[in-house]
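Welcome, and please load the model in your viewer. We will go from one selection to the next, with a short note on what is there at each stop.

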Amino acid sequence: MKMSFMDRAKGLALFLFVMFASCLVSCSESDDTEDEYENWKERNDTYFNNVYNQAKSAIANGSQEWKILRNWSLNDDVATDADDHIVVQVLEKGTGSGCPLYTDSVMVHYRGRYIPTANYPEGYVFDQSYSGSYQPEIIKPATFLTSRVVDGWTTALMNMHIGDRWRVYIPYMLAYGADDTNSTVNGVSYFFRGSTVLIFDMTLVAYYHAGAYIPTWDAKPSGVWIDE
């Protein structure tokens with residue numbers, strides 16, 4: 001018996017529907033993409049604790065490559081948790097003799113990242129003072145007050161010497177906290193995802209002591225940039 005035109009059309013439509021449905025199932029089964037921020041807080045907690053324990057173990061074994069620094073505003077008897085500290089990996093050791101004070105201004109090269117994810121294996125870059133590769137002889141540092149950044153940054157800066165290049169791991173409680181927030185850095189607005197560990201590659205270029213003295217004809221006190 002011959003099929004009518006309508007029967008053939010219905011059959012073709014059913015075939016195409018089945019093929020389309022099969023394709024959807026197949027694509028769904030083979031789709032291995034992950035939510036970039038799934039279980040974000042837990043992942044960040046685990047990441048920082050792993051880095052903290054790695055540094056603690058290395059320091060106990062005499063390593064000079066790692067530092068664990070207590071938040072600048074806390075005493076030892078208060079700073080009892082890992083996230084009361086920042087972790088520092090020393091990439092290059094500077095030769096400067098002093099460190100910036102809380103009231104000083106600083107010049108810094110930096111690049112800030114989130115923790116590594118599937119789409120950003122080196123960590124998403126959310127802020128930086130330069131683009132491209134790190135070439136300190138040609139890039140221009142950013143300038144700001146030591147006191148006008150997150151606690152983790154302030155803590156790092158107050159322990160750095162001129163020429164120090166550090167990779168700094170900052171727990172979110174010493175950065176932008178557990179909640180999503182909008183912030184302004186150097187005049188630029190940023191969205192920060194809550195519960196995010198911040199990882200900074202940062203170099204201290206110079207700092208400004210407002211009360212320092214320099215020889216002048218009238219012998220009046222004046223501030224000076226210190227770069228060595």
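Start by selecting His 85, which sits in strand β2, residues 85-92; strands here are DSSP runs of E with at least two residues, helices are runs of H or I with at least four, and both are numbered from the N terminus. Before going further, note that this is a predicted model, in which local features need pLDDT of at least 70 and side-chain atom pairs count only at pLDDT 80 or more, while totals for chains, interfaces and linings use all residues. Residues are numbered from 1 along each chain as its sequence is written, and side-chain values use heavy atoms, with hydrogens and water left out.

Is His 85 buried or exposed? With a relative accessible area of 11%, His 85 is buried (buried means under 20% relative accessible area, exposed over 50%, partly exposed in between, using a 1.4 Å probe and protein chains only).

Now show the surroundings of His 85. Leaving aside residues up to four places away in sequence, His 85 touches Phe 48, Tyr 52, Ile 68, Leu 69, Arg 70, Asn 71, Ala 79, Pro 171 and Leu 174; a contact means heavy atoms within 4.5 Å. Add Asp 81 to the selection: its backbone oxygen is 2.9 Å from a polar atom of the His 85 side chain.

Next, select strand β9, residues 198-209, where ten of the twelve residues are buried. Which strands pair with β9? Strands count as paired if DSSP finds at least two bridges between them, and you can visit the partners in turn:

- Strand β3 (residues 105-113) runs antiparallel to β9, with nine bridges joining them. Pick Met 107 to find its bridge partner in β9, Ala 206.
- Strand β6 (residues 165-170) is also antiparallel to β9, over six bridges. Here Ile 170 has Leu 198 of β9 as its bridge partner.
- Strand β10 (residues 224-226) is joined to β9 by three bridges, again antiparallel. Look for Tyr 208 opposite Trp 225 of β10.

Finally, zoom out to the whole chain and colour by secondary structure. You should find three helices and ten strands, in the order α-α-β-β-β-β-β-α-β-β-β-β-β from the N terminus. Of the 228 residues, 38% count as buried. Among contacts with a separation of 6 or more, 65% come from residues 24 or more positions apart. Switch on the surface to end the tour: the chain exposes about 13,900 Å², and carbon and sulfur atoms supply 53% of that area, as computed by the Shrake-Rupley method with a 1.4 Å probe.

Notes:
A polar contact is a pair of N or O atoms within 3.5 Å; within protein, one must be able to donate a hydrogen and the other to accept it, and residues adjacent in sequence count only if both atoms are side-chain atoms.
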